[in-house]
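Q: Could you take a close look at one tyrosine in this model, starting with its contacts, and then work outwards to whatever helps to place it in the fold?

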Amino acid sequence: MPALKSPKFMCHPNNRIDALPVELLTRIFTLGAGFNYLYEESPFLLKPNQDYYPPPSSFQILVSHVCQRWRTIALQTPTLWTTLHLGEPVHLARAAAYLERCSTSSTYLLDILVDTVASEDHIEGVTLCRDEIVQVFDLIIPHVRHWRSFHLKIRDNQCKLQARHYLSTCGPAPLLETLQLYHFEDYGTSQDLYLATYRPPVVVFSNTVPRLRNVSLIGVNLPWLKSPYLMNLHKLELALHLDSIRPPYHTWDRMLRLSPQMQSLYLCYSGPRSQSGAAGDQQGSVPWPPGKEKIELEELEDLKLTDLDPGYLCEVVERLYLPSVKKVSLHLPDQNFSPFIDLVTRRDGIEESSASRASGSSVLAEVETRRQSKIAISSLLSSDSDDISQQQESPTGPVECSTYKATKTVSAATARCDVRFDGPLPNLSRLETLVITALDCSPSNWQTLLRCLEGLKHLEVDFRRMGTNFWKVFAGISEVDQAGRLLATGLPHNLDVLLPQLQSLKVAGVPGIDLKGEIQRRAAKGSAVPGLKLCVVRWAPNLEGDDLVMDELVKFGQCRVGEGTSQNDFRVRIIKVETYYDDEEDELEEELEPEEELEEDPSLDA
């Protein structure tokens, strides 16, 4: 019998990928270049107090080195070469080549990032500093009318002077949508600080940036009274500003009121200039309007607050009205922020059940009437007022959210309550995501906050900073009574879970056995709600062996809850377990209050 010959498969030359039409290859290249879109999560690439690490070799570079035909097509596609990241001297030649390729189109839009270092950190031929910054601006300024986003990080006063010169003389940037300016350095002496700050800020882009929607100023101030373009913003980030260089309140008021479509607000040791003002600063002494004159941002969904003093934070937030917030991020350490929690959890007294929503509109009308009464039209839009008196409401103690009690007797699936809050977040019970990297407050305030967040779906908490008592309250192991005393509940499985709608939990500083117990408790209580689906824990291979239960959860990537024999058994619930790790927090020390001191803390009194 003759041996069987292996069949031969021949590929027709026209079926090979390099035979695809130019138009189709161009489309593939364009889609590939946008696959890892840098601006997907935020329009701002630079973060306060964090170094920026550029992405690896881009897709367009790779495809342009496959073959001669692909290279020709790639080089003739202008949209592939519009991202310019300059952090090393070798990037200058690359940026020049990119500009030559993309400028063949009359409609090219540039996304530019310039990352310089302090003079003491500068390495010749490796980093950008005083000499290189001039070359950078000479390269990109001729294309300023095609800038779409511009990110500039300065760590040296001489570099700052060069940036002031170029940005104040470059002319309009008619297509600029995102502007991020970062200047922060170690001044060393008071003389260095004076030399870096005594000059008034300059007008940039000739005040002509009609498309500007996203602004991030980190350690950089603008001539606030001479920057009329600060309006119609979608995302605003202010960070690392001394009080003397912060915007006056009337400028802050105007900027927010004239940005009704603002979606995100981030304050990191910044905000409007305080009412007391800095020493010798006459503008800073202008009083703020009363707390009842609120700035309404109907479309704002993301609020992030970092490193703000409690009193200042309450004064700023009290004058905001944010009915649509879905995500709140807090980093508020080292001081007592219980008054802030009191402010945001203060209830309106109007509860709207699902039955009342279906039966009529009287409650809705009352809520809308009361809402409109809170949105006073500020006179600061037109002129300053010297006779404005400050009216600040001060909560007297923690307020228990009645929603928690209502859910004990009313089914969450049939008649869940929506509570109107009297503070800046009237729909706090509908908040979807809460991220807490640090929050110093009383356990009583923590319990009140959790009880009010009955619609929360995603929770991220670093319990290393908050302490074990706060985890115990969340997990039902402990409960705070009306006198502010932390008491053991004895049987947490018999208690209703806080945050009944929670679907994902990201934590650090929680032992594996406690985390597994909470997962099991929520699974047992989750028959009427979606229930916990994902748990993300802080873990890395170098931590293996420190917590055997956590190691087991990570190894299997899931936690099985129930008595069934297979995953398809309806009695079995599978909660997925993932990991994260932030090596910058290796040296973080837990700061826990002794439990015996809780009863002596007056902030815990009801």
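A: Let's start with the contacts. Setting aside neighbours within four places in sequence, Tyr52 touches Leu38, Leu45, Leu46, His85, Leu113, Asp115 and Lys153. Bear in mind that this is a predicted model.

Where does Tyr52 sit? It is in the loop between H1 and helix H2 (59–63). Although Tyr52 is in a loop, this residue is buried, because its relative accessible area is 15% and the cut-off for buried is under 20%.

One of the partners deserves a second look. Lys153 is 101 residues away from Tyr52 in sequence, yet the C-alpha atoms of the two are 9.6 Å apart in space. Links of that sort fit the overall picture: of the contacts in the protein between residues at least 6 apart in sequence, 76% join residues at least 24 apart.

Now follow the partners into the strands. Strand E2 covers residues 110–115 and strand E3 covers residues 147–154. A salt bridge joins Arg148 to Asp111, with 2.8 Å between the closest N and O atoms. Arg148 belongs to E3 and Asp111 to E2, so this pair ties together parts that are 37 residues apart in sequence. The two ends differ in exposure: Asp111 is buried at 5% relative accessible area, while Arg148 is partly exposed at 25%.

Just after E3 comes another salt bridge, this time between the side chains of Asp156 and Arg130, at 3.0 Å from N to O. Asp156 is in the loop between E3 and helix H6 (157–169), and Arg130 is in helix H5 (residues 130–140), so the pair links distant parts of the chain, 26 residues apart. Here again the acid is buried, with Asp156 at 4% relative accessibility, and the arginine is partly exposed, with Arg130 at 40%.

On the other side of the tyrosine's loop, there's H1 itself. Helix H1 (residues 22–33) packs on helix H3 (residues 68–75) at an angle of about 70°, and the axes are 10 Å apart. That makes H1 and H3 roughly perpendicular to each other. H1 brings Val22, Leu25, Thr26 and Phe29 to the contact, and H3 brings Arg69, Trp70, Ile73 and Ala74. Sorted by class, the contact of H1 with H3 has six nonpolar residues, one polar and one charged. The spacing has a simple background: an α-helix has 3.6 residues a turn, so residues three or four places apart point the same way.

For contrast, here's a salt bridge that stays within one helix. Arg257 and Asp253 pair up with their closest N and O atoms 2.9 Å apart. Both residues lie in helix H8 (residues 249–257), four residues apart, which is about one turn of the helix. Both ends are buried, with Asp253 at 0% relative accessibility and Arg257 at 18%. Elsewhere, Glu518, Arg521 and Arg522 are linked in a network of salt bridges. The count for the structure comes to 13 salt bridges.

What about disulfides? The structure holds zero of them. Two of the cysteines can still be placed by burial: Cys314 is buried at 11% relative accessible area, and Cys452 is buried at 0%.

Cys452 also leads to a helix worth viewing alongside the buried loop tyrosine. Helix H14 (residues 443–452) has 10 of its 10 residues buried, so the helix is largely enclosed by the rest of the structure. The buried residues of H14 include Trp446, Leu449 and Leu450, but also Asn445, Gln447 and Arg451. Helix H10 (residues 338–345) is a related case: seven of its eight residues are buried, so H10 too is largely enclosed by the rest of the structure. In H10, the buried set is Ser338, Phe340, Ile341, Asp342, Leu343, Val344 and Thr345.

Finally, the wider setting. The protein has 606 residues, and buried ones make up 48% of them. Its secondary structure comes to 18 helices and 21 strands. Back at the starting point, then, Tyr52 is a buried residue at 15% relative accessible area, placed in the loop between H1 and H2 and in contact with residues that include Leu113, Asp115 and Lys153.

Technical notes: Residues are numbered from 1 along each chain as its sequence is written. This is a predicted model: local features need pLDDT of at least 70, side-chain atom pairs count only at pLDDT 80 or more; totals for chains, interfaces and linings use all residues. Side-chain values use heavy atoms; hydrogens and water are left out. A salt bridge is a side-chain nitrogen of Lys or Arg within 4 Å of a carboxyl oxygen of Asp or Glu. Helices (H or I, at least four residues) and strands (E, at least two) are DSSP runs, numbered from the N terminus. Buried means under 20% relative accessible area, exposed over 50%, partly exposed in between (1.4 Å probe, protein chains only). A disulfide is a pair of cysteine sulfur atoms within 2.5 Å. Axes are lines fitted to C-alpha atoms, for helices over the stretch in contact, and angles run from 0 to 180 degrees between N-to-C directions. Angles under 35 degrees count as roughly parallel, over 145 as roughly antiparallel, 65 to 115 as roughly perpendicular and the rest as oblique. Contact means heavy atoms within 4.5 Å. Ala, Val, Leu, Ile, Met, Phe, Trp, Tyr, Cys and Pro count as nonpolar, Asp, Glu, Lys and Arg as charged, and the others, Gly among them, as polar.
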